[in-house]
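Q: Could you take me on a close look at the aromatic pairs of this structure, and at the pocket beside them? I would like to know which residues take part and where they sit.

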Amino acid sequence: MSAQQETFIAHLIELRDRLIRALIAVAVVFVCLMPWAGDIYDILARPMMDTLPAGTNMIATGVVTPFFVPVKVTMMVSFVLALPWVLYQAWAFIAPGLYAHEKRMALPLVLGSTLLFLIGMAFCYFFVFGMVFKFIAEFAPKSIVPAPDIEQYLSFVMSMFLAFGVTFEVPVAVILLVKAGVVDVAKLREMRPYVIVAAFVIAAIVTPPDVISQFMLAVPMCLLYELGIVLANMITRPVPHAEAAGGQAAPALQNLDEAAERRLEADDRPGGKG
């Protein structure tokens with residue numbers, strides 16, 4: 001029991017150190033970017049500013065809002081820029097507890113999910129915002145002069161970034177479901193009509209009440225679902241020599257190899273046989 005407690009405390013200390021290193025990286029990037037906090041917010045607000053009438057600006061209804069909103073945006077950008085180091089700290093903490101085949105699966109999934117989330121945010125910023133804001137500006141009555149509040153704009157942008165970032169994680173979710181044995185590729189193909197309906201329902205809930213944003217969220221979701229099916233089929237496809245042998249010998253040998261691998265790694269861990 002004493003050895004187990006010492007191991008648990010050692011893991012907690014390592015987790016604390018990893019978290020501190022990640023937070024320090026985010027803080028360093030944040031401090032370096034703070035002198036340009038206003039410029040960073042201007043970049044974020046550019047899609048909205050391009051659709052406002054000439055001479056119209058965004059407004060701030062709070063006393064300290066002009067200060068805190070750019071700070072929040074800069075903090076978000078700092079986290080995104082420091083994300084590779086943060087992910088490395090997370091990977092360095094969990095990697096020693098994974099088996100070799102789990103490491104081969106986990107690292108591509110972590111990197112892929114991060115890249116897909118960032119691609120979703122970029123797709124939202126460069127394509128969705130311009131079309132949505134232009135549609136809203138053209139639909140608004142001529143008697144109304146739009147002057148959005150910067151805090152409400154930030155809240156809207158963050159919710160849209162989150163929605164599109166999570167949406168672009170669909171291939172990773174599909175692969176995990178197949179690898180976990182919850183569903184197979186054939187079942188995923190059968191579920192395609194229901195997924196299409198669900199995609200448009202989800203898009204209608206999480207996006208503003210306009211057809212353009214709903215369509216631009218639902219269509220990528222459906223396409224990414226198809227991409228997930230293709231990738232899952234590639235991962236789970238039997239190897240050629242297993243097919244030639246009737247698919248019997250290779251899985252058995254693979255199971256024996258994994259079992260031997262687990263025994264060897266269990267002996268190398270603290271408390272093992274050594």
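A: Happily; here is a walk through the aromatic rings, followed by the pocket and a helix that lines it. This is a predicted model, in which local features need pLDDT of at least 70 and side-chain atom pairs count only at pLDDT 80 or more, while totals for chains, interfaces and linings use all residues. Residues are numbered from 1 along each chain as its sequence is written, and side-chain values use heavy atoms, with hydrogens and water left out.

Searching the whole structure gives 12 aromatic pairs (rings of Phe, Tyr and Trp, the last by its six-membered ring, with centres within 6.5 Å; planes under 30 degrees apart are stacked, over 60 edge-to-face and the rest tilted). One of them joins phenylalanine 123 and phenylalanine 168, a tilted pair at 5.8 Å centre to centre with 45° between the planes. Phenylalanine 123 belongs to helix α5 and phenylalanine 168 to the loop between α6 and α7, so this pair ties together parts 45 residues apart in sequence. (Helices are DSSP runs of H or I with at least four residues, numbered from the N terminus.) Phenylalanine 123 counts as partly exposed because its relative accessibility is 22%, and phenylalanine 168 counts as buried because its value is 9%; buried means under 20% relative accessible area, exposed over 50% and partly exposed in between, with a 1.4 Å probe and protein chains only.

Another tilted pair is phenylalanine 129 with phenylalanine 161, at 5.6 Å centre to centre and 40° between the planes. Here helix α5 supplies phenylalanine 129 and helix α6 supplies phenylalanine 161, so parts 32 residues apart in sequence are tied together. Both of these residues are buried. They also belong to one aromatic cluster, together with Tyr125, Phe126, Phe133, Tyr153 and Phe156.

Phe161 leads us on to the second largest pocket, since Leu44, Met76, Val77, Met121 and Phe161 lie nearest its centre among 14 lining residues. (A pocket is an open set of points on a 1 Å grid over the protein atoms alone, where a 1.4 Å probe fits, with protein on both sides within 12 Å along at least five of seven lines; lining residues have an atom within 4 Å of a point.) Elements giving two or more residues to this lining are α2, α3 (65–81) and α5.

Finally, α2 itself has a kink of about 35° at isoleucine 43, shortly before proline 47 (the angle between axes fitted to the seven residues ending there and the seven starting there). Its buried residues include Leu44 and Pro47.
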